[in-house]
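Colleague: I'm new to this model, so please take one part of it and go through it slowly. Start with the charged side chains and follow them wherever they lead.

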Amino acid sequence: LFLELLERQFPIDDSHPSVQLRAASDFADRLNVHVNHLNRAVKEITQKTTTQLIAERILQESKILLRHSSWNVSEIAHALGFSEATHFNNFFKKHVQTTPLKFRNV
């Protein structure tokens, strides 16, 4: 159910403008389970943490938006639930080793 909830937030487009659930606790609340239970169950099944799976999916969507949308980096950051574009830039650079703009222009 966690993975289904995660996937239901995507794709980001004009009719589905932003990610609502970003933290493990958000998903746990929606699923009516304790966050520790969710984390244990997800780790047992996927061998990855809840946070890792959320980050991977947000990263995947950010790459899609950078390549296939006309939205600027700030709009993409907002749509993906980042309060500041700089937070998105740091997140993206940490995982991809390049900035969103450089990724878009390659």
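**Salt bridges around Arg 57**

Modeller: Let's begin with Arg 57, which is buried, at a relative accessible area of 9% (buried is under 20%, exposed over 50%, partly exposed in between, with a 1.4 Å probe and protein chains only). This is a predicted model, so local features need pLDDT of at least 70 and side-chain atom pairs pLDDT 80 or more, while totals for chains, interfaces and linings use all residues. Residues are numbered from 1 along each chain as its sequence is written, and side-chain values use heavy atoms, without hydrogens or water.

Arg 57 has a partner: its side chain makes a salt bridge with Glu 7, with 2.8 Å between the closest N and O atoms (the rule is a Lys or Arg side-chain nitrogen within 4 Å of an Asp or Glu carboxyl oxygen). Because Arg 57 sits in helix H4 and Glu 7 in helix H1, this pair ties together parts that are 50 residues apart in sequence (helices are DSSP runs, H or I, of at least four residues, numbered from the N terminus). Glu 7 itself is partly exposed, with a relative accessible area of 39%. The story goes on from there, since Glu 7, Arg 57 and Glu 61 are linked in a network of salt bridges.

Glu 61 also turns up in another neighbourhood. Ile 12 is in contact (heavy atoms within 4.5 Å) with Glu 61, and with others including Pro 17, Val 19, Leu 65, Trp 71 and Leu 80, leaving aside neighbours within four places in sequence.

Back in helix H1, Arg 8 and Glu 4 pair up too, with 2.5 Å from N to O. They are four residues apart in that helix, which means about one helical turn separates them. Here Arg 8 is exposed, at 53% relative accessible area, whereas Glu 4 is partly exposed at 43%.

One more pair to look at is Glu 56 with Lys 48, whose closest N and O atoms are 3.0 Å apart. Both ends are partly exposed: Glu 56 has 37% relative accessibility, and Lys 48 has 32%.

So how many salt bridges are there by this rule? The count comes to four. As a general point, side chains of opposite charge can pair when their charged atoms come close. If you want one place to click on, try Arg 57: it is buried and bridges to Glu 7.

Key
Helix = DSSP H or I, 4+ residues; strand = E, 2+ residues; numbered from the N terminus.
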